[in-house]
Amino acid sequence: MSDLQIGLLAAGVLVVAGILAYNFLQERRARRAAERAFRSGHADALMDEGALQRREPSFEGATRRDATLETAALPDARLDYVIELSLRQMTSAAAVAEYWAPFEHRFAGRALLAASPDRSAWRPLSAARSCAAVRAALQLASRAGPIGEAELIEFRSAADTLAASIGATVQAPEVKHAVEAARELDQLCADADIQVVLHVVPQPGNTFDARTVSAAIGAHGAFAVSQREDGACSLSLDVPRTPDVRRSYDAMVVRARDLCVSMGGMIVDDNGIALDERALAAIGEQLGAVREALVARGIEPGGLAALRLFA
């Protein structure tokens, strides 16, 4: 085989490897987006119990809490790529908002702007009157996956345009460092994105009364009860979005037991395997590890940062 043939063969291998790597990354992002859209998931790696899953549930209470994020949240270096703009003279927050308006739709839901009259006390731009400094932040990761380098560069460009419009100097982290931080945060999100699901199904030979099941459906504080297509009940707890996870889980188990007594049912996991007291207690113990992983990064389950990250 000639040197030319060997060179062509090596180049071909590199091209194929590159295509495979690209397809892997694209497939991963598409899979996570699909899981988010269809609320499906796979078994959690922490334990074999089918009750622990990574998937995004639908909570009535979560929507109400999310509505407060835009008015309460501030740029957070744990979650965001934060660019600080120092104005040469005091400027009204309304003027800053007007200059940012062309970019609002492009980064809606992922960007936060905060203002400070003295560079120490910060509040959302929408709640500020005048500002000597502005922080523009783009969230690095969420349940949809990590932010990409191209979008970070685009956001930095938008911030530069804003700075030029309002007469400000810009201080921003390196984009490549932000890309690395986004990947790390995305991995944390994937590892801690756990939903506990318990199913209450009829005992063998028994059936559930449809009216009783309908009466049980709805939000119950931190967890929700829904009806399955086969008429059974599912109780779900979104772990990272729930404050006081263990207490909420214990309350969900109590509710599941009550439903078993009132309807003649039993508690099973997604695979239909019955969960006894030992299995239920083991699941509860695993929740502590999830909480510790988040707290180690300064993210308290159910807190504002967790609600943003797991959205």
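D244 is partly exposed, with a relative accessible area of 43%. In this predicted model, D244 sits in the loop that runs between strand β13 (233-238) and helix α8. Its backbone stands out. D244 is not a glycine, yet its phi is positive, near 50°.

A second residue shows a positive phi. R119, also not a glycine, has a phi of about 65°. R119 belongs to the loop between strands β4 (111-116) and β5 (123-124). Its relative accessible area is 41%, so R119 counts as partly exposed.

Helix α8 follows the loop that holds D244. This helix covers residues 245-263. S248 is one of its residues. S248 is buried, because its relative accessible area of 12% falls under the 20% cut-off. Beyond residues up to four places away in sequence, S248 touches A222, F223, L237, T242 and P243.

Y249 is another residue of α8. Its contacts, apart from neighbours within four places in sequence, are V196, L237, L280, I283, G284 and L287. L237 thus appears in the list for Y249 and in the list for S248. Y249 also has a place in the largest nonpolar core of the model, which has 71 residues. Within that core, the residues with the most contacts are L152, V200 and Y249.

The packing of α8 was examined next. Two packed helices are described by the angle between their axes and the distance between the axes. The partner of α8 is helix α9, residues 277-295. The two pack at an angle of about 155°, and their axes are 9 Å apart. The angle makes α8 roughly antiparallel to α9, because angles over 145 degrees count as such. The crossing of α8 and α9 is right-handed.

Which residues of α8 and α9 meet? On the α8 side they are V245, R246, Y249, V253 and R257. On the α9 side they are E277, L280, A281, I283, G284, E285 and L287. By class, this contact has seven nonpolar residues, four charged residues and one polar residue.

Y249 links these results. Y249 is among the α8 residues that meet α9, and it is among those with the most contacts inside the largest nonpolar core. Its contacts in α9 include L280, I283, G284 and L287.

Technical notes
Residues are numbered from 1 along each chain as its sequence is written. This is a predicted model: local features need pLDDT of at least 70, side-chain atom pairs count only at pLDDT 80 or more; totals for chains, interfaces and linings use all residues. Side-chain values use heavy atoms; hydrogens and water are left out. A nonpolar core is a set of buried Ala, Val, Leu, Ile, Met, Phe, Trp, Tyr and Cys residues joined through side-chain atoms within 4.5 Å. Buried means under 20% relative accessible area, exposed over 50%, partly exposed in between (1.4 Å probe, protein chains only). Contact means heavy atoms within 4.5 Å. Axes are lines fitted to C-alpha atoms, for helices over the stretch in contact, and angles run from 0 to 180 degrees between N-to-C directions. Helices (H or I, at least four residues) and strands (E, at least two) are DSSP runs, numbered from the N terminus. Angles under 35 degrees count as roughly parallel, over 145 as roughly antiparallel, 65 to 115 as roughly perpendicular and the rest as oblique. A crossing is left-handed if the near helix is turned anticlockwise from the far one by less than a right angle, and right-handed if clockwise. Ala, Val, Leu, Ile, Met, Phe, Trp, Tyr, Cys and Pro count as nonpolar, Asp, Glu, Lys and Arg as charged, and the others, Gly among them, as polar.
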